[in-house]
Amino acid sequence: MFTLLVFLAVAFLIFLGFWQIDRANEKKSIIEGLSSSPKKMSLVDLRDEALVGYEKIVLTGGYWSPEKFIKKNVVKDNQLGSQIYRLYCQEDICVIVNVGWVSMSQITILKDESVNMTKLEGVVRILPYVMIRE
């Protein structure tokens with residue numbers, strides 16, 4: 001019985017070691033992506049290209065959808081506020097853009113500057129289906 005427990009503990013620790021190696025490789029690829037210069041592309045190129053991890057891009061030739069999505073009760077730096085999202089579209093393709101966070105006291109006087117932007121520069125991150133549904 002004791003031998004079986006030791007075997008299971010060793011197998012679990014080996015699994016944890018490989019998991020840590022995977023996390024370190026993922027962190028390295030994120031840092032490389034964030035420190036590189038942005039790729040210039042359109043949303044059509046973005047759809048056709050298989051991006052992995054966090055990559056900097058510059059999107060041009062699109063437009064902002066008039067809808068604004070607000071996720072309320074988001075805590076940042078121990079302050080209650082809302083996260084603002086917009087859709088940037090080109091042809092029939094759209095991406096969700098995290099415009100920023102705003103405190104609850106400033107949500108009523110929020111001026112949307114994103115509609116004046118002709119290009120969109122940022123980091124691409126693939127969202128899981130659960131996050132998109134939210």
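In the predicted model, Ile21 is located in helix H1, which spans residues 2-35. The relative accessible area of Ile21 is 47%, so this residue is classed as partly exposed, given that the partly exposed class lies between the buried limit of under 20% and the exposed limit of over 50%. Ile21 also belongs to a nonpolar patch on the surface, which is formed together with Phe2, Val6, Val10, Ile14 and Phe18, and the accessible area of these residues taken together is about 610 Å².

A separate set of results concerns the cysteines. The count of disulfides comes to one, and the bond in question joins Cys89 and Cys94, whose sulfur atoms are 2.0 Å apart, a separation that satisfies the cut-off of 2.5 Å for such a pair. The torsion about the S-S bond of Cys89 and Cys94 is about 105°, and the disulfide is therefore right-handed.

The two partners of this disulfide were also assigned to accessibility classes. Cys89 has a relative accessibility of 2% and therefore counts as buried, whereas Cys94, with a relative accessible area of 40%, is partly exposed.

As regards its surroundings, Cys94 is part of strand E5, which covers residues 93-103. When neighbours within four places in sequence are set aside, the contacts of Cys94 are with Tyr88 and Cys89, the latter being its disulfide partner. The C-alpha atom of Cys94 is separated by 9.0 Å from that of Gly62, a residue that lies 32 residues away along the chain.

Definitions and conventions. Residues are numbered from 1 along each chain as its sequence is written. This is a predicted model: local features need pLDDT of at least 70, side-chain atom pairs count only at pLDDT 80 or more; totals for chains, interfaces and linings use all residues. Side-chain values use heavy atoms; hydrogens and water are left out. Buried means under 20% relative accessible area, exposed over 50%, partly exposed in between (1.4 Å probe, protein chains only). Helices (H or I, at least four residues) and strands (E, at least two) are DSSP runs, numbered from the N terminus. Contact means heavy atoms within 4.5 Å. Patches are made of residues with over 30% relative accessible area and no salt bridge: like charges are joined within 9 Å, nonpolar side chains (Val, Leu, Ile, Met, Phe, Trp, Tyr) within 5 Å. Accessible areas come from the Shrake-Rupley method with a 1.4 Å probe; for residues, only the protein chains shown count as cover. A salt bridge is a side-chain nitrogen of Lys or Arg within 4 Å of a carboxyl oxygen of Asp or Glu.
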